[in-house]
Every structure is written in structure tokens, then in C-alpha cells.
Amino acid sequence: MKANREFFSINEVSDSQEWDQRNYTLVAIGGFGSDAENSLEYFNLEIGSEWIKVPMPFRIWGHCSIQISYQEIMIIGGVLDGHVSNNI
């Protein structure tokens, strides 16, 4: 990853619903560290690309996340914009 991250979450997403045609990508979300809290990074496992960093409109660390569909991730709890959150 490009950002040093602690207390972040990481999930796998895909570009297809078909199991035999999926192109898997890892997504690292938030975390505590220099400019990690308000960004996510992704890495395509099939292509072997480098980590790509993308800004987020909020800061989060100490959260959990779960894949809820082949392309969706739900973020749960954590420290959101400096305040402990119980939001989903």
C-alpha cells in the first residue's frame, strides 16, 4: 500500500457475479496513519497492478467492514471524523 495504515479494514470485491469470470480486487479502507484515514486503496489481484489510492469524503479508523455483494462493502462503527461511531 502507498499509505502507512493501522486499524484499517480490507475486503475483496469483484467485477462479475459469475464465479468463474471474476476479476478480484482487494480494497483497504481508512485506518490510522499519515493521510490514511480519509483514503482507500485498491489492488487488482488478477492483473497484479500497483495499489491505487483514492480520497474519501470522510476520515475513519478502528472500524470493521464486510462484503455485502460482489461489488459492495459495508463499513461499521469505528472512529468517524474524530468521533466514536455506531453508524453503518
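Here are four short exercises, each with a worked solution, on a predicted model.

**Exercise 1: a pair of rings**

Find how the rings of phenylalanine 7 and tryptophan 61 are arranged, and which parts of the chain they tie together.

*Solution.* Start with the general idea: a pair of aromatic rings is described by the distance of the centres and the angle of the planes. For phenylalanine 7 and tryptophan 61, the centres are 6.0 Å apart and the planes stand at 50°. Planes under 30 degrees apart count as stacked and those over 60 as edge-to-face, so this pair is tilted. Next, place the two residues. Phenylalanine 7 sits in the segment before strand E1 (9–13), while tryptophan 61 belongs to strand E5 (residues 60–61). The pair therefore ties together parts that are 54 residues apart in sequence. Finally, widen the view: ring pairs join Phe7, Phe32 and Trp61 into a cluster.

**Exercise 2: buried or exposed?**

Sort phenylalanine 7, tryptophan 61 and tryptophan 51 by their exposure.

*Solution.* The cut-offs are under 20% for buried and over 50% for exposed, with partly exposed in between. Phenylalanine 7 has a relative accessible area of 51%, so this residue is exposed. Tryptophan 61, with 26%, is partly exposed. Tryptophan 51 has a relative accessibility of 17% and therefore counts as buried. Tryptophan 51 also has a ring partner, phenylalanine 43: their centres are 5.4 Å apart and their planes at 35°, so this pair is tilted too.

**Exercise 3: a small sheet**

Work out the order of the strands in the open sheet and name its edge strands.

*Solution.* Recall that strands of a sheet pair through backbone hydrogen bonds, either parallel or antiparallel. Here 3 strands form the open sheet, in the order E5-E8-E9, with antiparallel pairing. E5 and strand E9 (83–84) each pair on one side only, which makes them the edge strands. Now look at one pairing in detail: strand E8 (residues 79–80) and E9 are joined over 2 bridges. Within this region, valine 79 stands opposite valine 84 in E9.

**Exercise 4: around asparagine 44**

Describe the setting of asparagine 44 and find what its side chain reaches.

*Solution.* First, locate asparagine 44 in strand E3 (residues 39–44). With 11% relative accessibility, asparagine 44 counts as buried. Then follow its side chain: the backbone nitrogen of glutamate 46 is reached at 2.9 Å, and the backbone nitrogen of isoleucine 47 lies 2.7 Å from a polar atom of this side chain. Last, setting aside neighbours within four places in sequence, asparagine 44 is in contact with Asn23, Tyr24, Thr25 and Ser49.

Conventions: Residues numbered from 1 in each chain as written. Predicted model: local features only at pLDDT ≥ 70, side-chain atom pairs only at ≥ 80, totals over all residues. Heavy atoms only, no water. Phe/Tyr/Trp six-rings, centres within 6.5 Å; stacked < 30°, edge-to-face > 60°. Helix = DSSP H or I, 4+ residues; strand = E, 2+ residues; numbered from the N terminus. Buried < 20%, exposed > 50% of the residue type's maximum accessible area, 1.4 Å probe, protein only. Pairing = 2+ DSSP bridges. Polar contact = N/O pair within 3.5 Å; in protein donor to acceptor, adjacent residues only side chain to side chain. Contact = heavy atoms within 4.5 Å.
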